Amino acid sequence: MQPTRILQGLRYRKLRLTTKDVNKGFYKGNRTGSMGTHTSYGTYKIDYSKVRTYVCPDLTGFKLTPFVSKTIRPVHDQFPGDKLGPRNPATYLARWKSENGLD
């Protein structure tokens with residue numbers, strides 16, 4: 001015994017559609033929209049009237065700041081005279097000892 005067509009359809013009423021729920025040709029996508037068209041040569045031509053552009057408003061006198069602390073020091077990954085650079089084990093151990101103390 002099977003339920004009627006109406007009752008079979010109710011189980012999908014509140015669930016998202018997946019590619020297993022429908023026939024061939026269903027493409028769910030990721031809600032980004034198309035930015036152009038596919039050509040017959042297999043390339044993609046961008047339509048610049050569809051491209052999203054975001055305009056930043058004037059932020060002079062704006063009181064909020066970004067979520068980055070001003071006390072963070074810049075990281076300098078320069079290894080002058082070292083052929084291996086950051087892959088040198090001696091450099092790694094020296095930095096580990098200076099930051100973490102002796103083991």
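What pLDDT does the protein average, and what share of the residues score at least 70? This is a predicted model, so colour the chain by confidence before anything else: the average pLDDT is 78, and 76% of the residues score at least 70. Now click on helix H1, residues 5–10, where confidence is lowest, with a mean of 63. Then jump to strand E2, residues 44–46, where it is highest, at 95.

Next, switch to cartoon view. You'll find two helices and two strands, and reading along the sequence gives the pattern α-β-β-α. Try a surface view as well: of the 103 residues, just 3% count as buried.

Go back to strand E2 and select Ile46, which sits in that strand. Is Ile46 buried or exposed? Neither: its relative accessible area is 42%, so Ile46 counts as partly exposed, between the 20% limit for buried and the 50% limit for exposed. Add Tyr44, Tyr48 and Val51 to the selection; together with Ile46 they make a nonpolar surface patch of about 410 Å².

Now pick Met35, in the loop between H1 and strand E1 (36–38). With a relative accessible area of 21%, Met35 is also partly exposed, since buried would need a value under 20%. Which residue should you pair with Met35 for a distance check? Try Lys50: the two are 15 residues apart in sequence, yet their C-alpha atoms are 5.3 Å apart in space.

Last stop: helix H2, residues 89–100. Its twelve residues reach 16 Å from first C-alpha to last, close to the 16 Å expected at 1.5 Å a residue. Show side chains at the N-terminal end, where Asn88 acts as the cap: one of its side-chain oxygens lies 3.2 Å from the backbone nitrogen of Ala90. Then slide to the other side of the helix and select Gly101, just after H2, which takes a positive phi of about 85°.

Notes. Residues numbered from 1 in each chain as written. Predicted model: local features only at pLDDT ≥ 70, side-chain atom pairs only at ≥ 80, totals over all residues. Heavy atoms only, no water. pLDDT = per-residue confidence, 0-100. Helix = DSSP H or I, 4+ residues; strand = E, 2+ residues; numbered from the N terminus. Patch = residues over 30% accessible without salt bridge, like charges linked within 9 Å, V, L, I, M, F, W, Y side chains within 5 Å. Areas by Shrake-Rupley, 256 points an atom, 1.4 Å probe, with all protein chains shown as cover. Salt bridge = Lys/Arg side-chain N within 4 Å of Asp/Glu carboxyl O. Buried < 20%, exposed > 50% of the residue type's maximum accessible area, 1.4 Å probe, protein only. Expected span 1.5 Å × (residues − 1). Polar contact = N/O pair within 3.5 Å; in protein donor to acceptor, adjacent residues only side chain to side chain.
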